[in-house]
Amino acid sequence: MDPYDDDSQMLDVQESYSRGTLHTSVEVEGPIHGSIPSTSMAGMLAPNGDAEYLNVATKRLQEPSRESSVLANNVANHLSIEISEDPMQQGLDDFIDELDEAEHGPTAPYVSSLPTGLCYDVRMRYHCELDPPKQSRDFHPEDPRRIFKIYKELCMAGLVNDPMLNTGNLIPNPLLRIDARNVSESEVCLVHDKRHWDFMVTTASMAPDDLVVLERTFDSIYLNVTTFRCALLSAGGAIETCRAVTSRQVKNAIAVIRPPGHHAECNQPMGFCIFDNVSIAAKVCRSDFPETCQRILILDWDVHHGNGIQQAFYQDPNVLYISLHVHEDGNFYPSGNYGDHLHCGGEAGLGRNINIPWPTKGMGDADYMLAFQHIVMPVAYEFDPDLVIIAAGFDAAEGDQLGGCFVTPACYAQMTHMLMSLAQGKLVVCLEGGYNLTSISKSALAVTRTLIGEMPDRIRDTKATETGIETVQMVAMYQSRFWTSLYPKDAHQDISNKHGAERMHDVIRYYQASQLKENHNMINVKVYREKLSKSFENQVIATPNFEDAVPLVVIFHDPPELMGTPHPVTHKLELHNTWLADDLKHYVDWAANLGYGVIDVNVPKHLTSTEKNEGYGVEDEAERLSESNELAVYLWENYIDCNDATEIFFFGAGFAYESIIHLLINREEDFTKRVTGMVNFISGNRLKAVSDHGFFQHGQSLSKWYRANSVNFVANNHLVWDIDGSKKPSKRFGNLVRSPVCGLNDMLGQHQEEVQGFITRRVVRRDDDIEEAEKMM
C-alpha cells in the first residue's frame with residue numbers, strides 16, 4: 001500500500017507544510033528491479049570500434065560476394081554437378097559470415113516483443129495545497145491522489161509488478177519501470193525563459209505563509225516548498241520516458257506525472273502547470289536524437305487548450321501540434337481566441353498548428369472519432385512523424401465535472417490505437433489534466449492496455465452531434481490549404497478577389513425580391529443602420545399597401561434552403577444538381593392575393609461584409625440574434641405600430657422567430673394591443689419562453705396572452721417533446737402543436753391550410769365585432 005494513499009495522512013502532510021517542518025527529508029521510493037535508469041542512452045546505442053568496422057567494410061568490397069557463391073552452389077546442386085570442397089573457398093565463406101555478423105550484429109528482437117514502459121514516482125505527490133479548504137473533503141481539482149489512483153489501477157489489473165498492490169496474476173510481460181529524474185536548468189530553458197526558472201527556484205526556500213500569498217497572484221496555481229522539486233521530476237520523467245521510446249528501450253510508454261504542463265507558458269506558470277513537460281521532452285529528444293527524431297507529432301486531447309505547447313512550437317515546421325478542446329467562443333479556460341481554428345502556426349510553422357475547438361461542452365465519443373478520422377489521422381500520415389506524444393488530459397472523460405464531456409475509456413483506447421500506427425509505434429502518453437479520480441484511472445488503464453497490445457473495446461456512441469460535425473468540417477476546410485489529405489478544399493480563399501464572385505445567399509435573396517416585386521409589386525423597405533452590410537439591401541420588402549387599413553402579415557424567416565449533392569472529388573456544388581426550397585412564397589402569394597399587406601423580412605445567417613477579401617462564413621449566432629432583434633424593434637417603431645392596419649399577424653419561421661418573441665417581451669403593452677395573432681414554425685432551433693414580468697392586459701398575464709393568441713408548430717423530433725410523453729412542455733412556450741414532420745420546409749407545406757384558417761378566422765371575427773359595434777352605434 002502506498003504510504004500516502006490515506007487521506008488523513010495527506011492532510012497531516014499539508015498541516016506539516018503550514019508549520020514549515022516538512023522539506024525534502026522524505027523517504028524516496030527506491031528503483032524497482034528491471035527498471036531503466038535515468039542515464040543518457042546515447043552511448044548504449046553507438047557501435048563500438050568504428051575504425052575497425054570501416055576497415056572491414058572497405059575490405060569486403062574487394063572480396064567475392066557471398067550471394068554470388070551461394071547462387072553458384074545452388075545452380076550446381078540443381079544440375080547435379082559435382083563440386084569439390086575447396087578449403088580456400090570455405091575459408092572465404094566463413095570470413096564473409098563473420099563480416100556480416102560484425103556489420104549487422106545479432107538479430108534484433110521484434111518491436112512487439114519489447115515491453116511497454118511506465119514512469120511513476122511517488123515523490124510527485126508531495127505537491128499539494130498549503131491552505132486547503134476547511135472542509136476536508138473539498139479537495140483542489142489537481143489532487144495529489146490523481147497519479148496514485150492511476151498507478152494503483154494499473155497494479156490491480158496486473159500490468160505492474162508491485163507486490164504491495166497486485167491483487168491477481170501479472171501479465172507475462174509487465175510494464176518496465178522508467179526512473180524519473182530532475183530536469184536540468186538547460187533543458188527547461190529550451191522552452192521557458194531564465195526568469196521563470198529562477199522564480200521557481202526561489203519558491204523552494206520561501207516561507208509557507210509567503211507562498212500562500214504568492215500563489216494568489218497567479219492564474220490557477222498553488223505552491224508549496226516541494227512544488228519546484230515535483231515539477232523537476234515531472235518534466236524529467238517526461239524526458240526519460242520519451243528517450244526510452246525513441247531509443248527503443250521500450251516499444252511505447254505512459255508517464256503518470258504531475259504537476260501537469262501544457263498550460264505553462266514561456267515566462268509563467270498557469271492552469272495548475274509549472275513547467276511545460278511535453279514541450280521540454282520533445283525539444284530534448286530532437287536535440288539528443290537528431291537522426292531518428294526529426295519530426296514530432298503532439299496530440300493534445302485534454303479538454304482545455306494547451307496554450308503552452310502551442311506557444312512553444314508555433315513557428316516550428318518540425319513539430320505538429322493538434323489540440324481537441326472545448327473553446328466556447330473563447331470563454332472556456334484558457335480564455336481568449338488563441339485556441340480557435342484560425343491559429344494555424346506562424347512563419348515556417350504555418351499549418352503545423354491545428355486547433356479543433358468544440359463550441360460547447362457535451363461532446364462524446366462519436367465527435368472525437370469523427371475528428372480523428374477526418375483530420376487527425378489524415379494529417380498525421382501526411383506529416384509522417386518520428387515520434388508521437390499524447391498530452392493526455394482525461395478531463396473530457398465521462399464523469400469529469402470540469403470538462404463536462406462524455407468521452408469513454410473505449411474512445412481513449414481507440415484514439416491511442418490509431419496513433420500507434422504512426423512513427424513505427426513510437427508513442428508516449430504523458431498525463432496532463434483529469435480531475436475525476438475514477439474517470440482518469442479507468443481511462444488511463446484502457447489506454448495502457450492498448451499500448452501493451454490489447455484491442456480496444458467497442459464504442460457504443462457512433463452518431464456525432466451536429467455541433468461536432470460542423471466543427472470538424474470547418475477545421476478541415478480551413479486547414480485544407482496546408483494539407484493535401486484534407487477535404488473539402490476551401491474554395492472561399494480570396495474568391496471574391498480572384499473571380500469577382502458574390503455570396504450565393506445575396507444572389508438568391510435578390511432573385512426572391514425580384515420575383516416578389518414582379519408578382520405583387522413589392523417594394524424595398526428602407527432600413528437605416530449604423531453598420532453597413534450588403535446583406536441588408538434586399539432583406540426587407542413589402543407590398544405597397546402595408547401601411548393601409550387592411551390586415552397586415554409580418555413574416556420573419558430564415559433564408560431558403562439550398563439543397564444539392566456536391567461533386568465527389570472537387571466538392572463543388574453544381575447548379576444542375578442543386579435545388580432551391582422555399583415554401584414560404586406560397587404564404588406570401590396567399591396573403592397578397594387576398595389584399596392583405598405583407599412585410600417579408602429575411603434574416604441572413606451571415607452578414608456579407610463590405611470588405612472584398614472574405615473567407616468561409618461561420619454563422620455567429622449571438623451576432624445574428626442581436627442584429628435581428630434590433631431590426632425587429634426598428635421595424636415596429638418606424639413602420640408597424642404607427643400604420644393603419646386593421647389586424648396585425650406575426651409569422652416566424654426558423655431561428656428568426658426568436659426576434660418576434662424579443663419584440664413581444666420588450667414592447668409587451670403596445671404589442672398585445674395591436675397584434676391579433678402569432679404563427680411560428682420551430683424545427684432545429686430552441687424554443688423561447690415568455691415570462692410575465694408582472695404585466696397584465698385585460699386581466700391576462702403576458703404568458704397567458706401569448707398562449708391564447710399563438711400557434712407554434714414544432715418539429716416532431718424536437719427536444720421539447722418528452723420521449724415517453726410523461727412530461728408536458730411549459731405553457732410559457734405558447735400554444736404548441738407537434739408536427740408529424742421534421743424539416744422546416746416540410747412543416748411549412750404540411751400546415752399551410754391550418755395557418756391560413758387561423759388567420760382567416762381571426763380576421764372574420766374582428767370584422768364581425770366591428771360590424772356589430774357599428775350597428776349598436
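## Starting from one phenylalanine

Which residues does phenylalanine 275 touch, not counting residues up to four places away in sequence? Quite a list turns up. There are two histidines, His192 and His196, and alongside them come Val188, Trp197, Met200, Phe228, Ala231 and Leu232. Pro260, Gly261, Ala264 and Ile280 complete the set. Keep in mind as you look around that this is a predicted model.

## The chain as a whole

Let's step back for a moment. The protein chain has 777 residues, and 51% of them are buried. Its secondary structure comes to 25 helices and 20 strands.

What about links between distant parts of the sequence? Take the contacts in the chain with a separation of 6 or more: 78% of them are between residues 24 or more positions apart.

## Two nonpolar cores

Back to Phe275, which belongs to the largest nonpolar core, a group of 129 residues. Together with Ile356 and Leu419, Phe275 is listed among the residues with the most contacts inside that core. If you want a helix to look at here, try α13, residues 365–383: it gives the most to this core, with 12 residues.

Apart from that one lies another core, this time of 42 residues. Val527, Trp636, Ile648 and Phe733 are among its members. As background, nonpolar side chains tend to be buried together in soluble globular proteins.

## A hollow spot

Now for some empty space. The structure holds five cavities of 30 Å³ or more, and the second largest has about 50 Å³ of space in it.

What lines the second largest cavity? You'll find Val553, Ile555, Tyr587, Trp590, Ala591, Phe651, Val755, Gln756 and Ile759 around it. By class, that makes eight nonpolar residues and one polar, with no charged ones. Three elements each supply at least two residues of this lining: strand β11 (552–557), plus helices α19 (584–593) and α25 (752–776).

## Threonine 448, inside a helix

Threonine 448 sits in helix α15, which runs over residues 437–452. Is threonine 448 buried or exposed? Its relative accessible area is 0%, so threonine 448 counts as buried.

What does this threonine have around it? A polar atom of its side chain lies 2.7 Å from the backbone oxygen of alanine 444. Leaving aside neighbours within four places in sequence, threonine 448 is in contact with Leu154, Leu159, Leu175 and Ile254.

## Two buried residues in loops

Glycine 393 is in the loop between β7 (387–392) and α14 (409–419). Its relative accessibility is 0%, so this glycine is buried. Where in space is valine 303, 90 residues apart from glycine 393 in sequence? The two are 7.0 Å apart, C-alpha to C-alpha. Setting aside neighbours within four places in sequence, glycine 393 has contacts with Trp301, Asp302, Tyr412, Glu432 and Gly433.

Glutamate 647 is also placed in a loop, the one between α20 (621–640) and β15 (648–653). With 1% relative accessibility, this glutamate falls under the 20% cut-off and therefore counts as buried. Its side chain makes a polar contact of 2.6 Å with the side chain of threonine 646. Glycine 677 is 30 residues apart from glutamate 647 along the chain, and 8.6 Å separates their C-alpha atoms.

Methods
Residues numbered from 1 in each chain as written. Predicted model: local features only at pLDDT ≥ 70, side-chain atom pairs only at ≥ 80, totals over all residues. Heavy atoms only, no water. Core = buried A, V, L, I, M, F, W, Y, C linked by side-chain atoms within 4.5 Å. Buried < 20%, exposed > 50% of the residue type's maximum accessible area, 1.4 Å probe, protein only. Helix = DSSP H or I, 4+ residues; strand = E, 2+ residues; numbered from the N terminus. Contact = heavy atoms within 4.5 Å. 1 Å grid on protein atoms, 1.4 Å probe; cavity = no way out; pocket = protein on both sides within 12 Å on 5 of 7 lines; lining within 4 Å. Points joined across faces, edges and corners; volume = space filled by probe spheres on them. Nonpolar A, V, L, I, M, F, W, Y, C, P; charged D, E, K, R; others polar. Polar contact = N/O pair within 3.5 Å; in protein donor to acceptor, adjacent residues only side chain to side chain.
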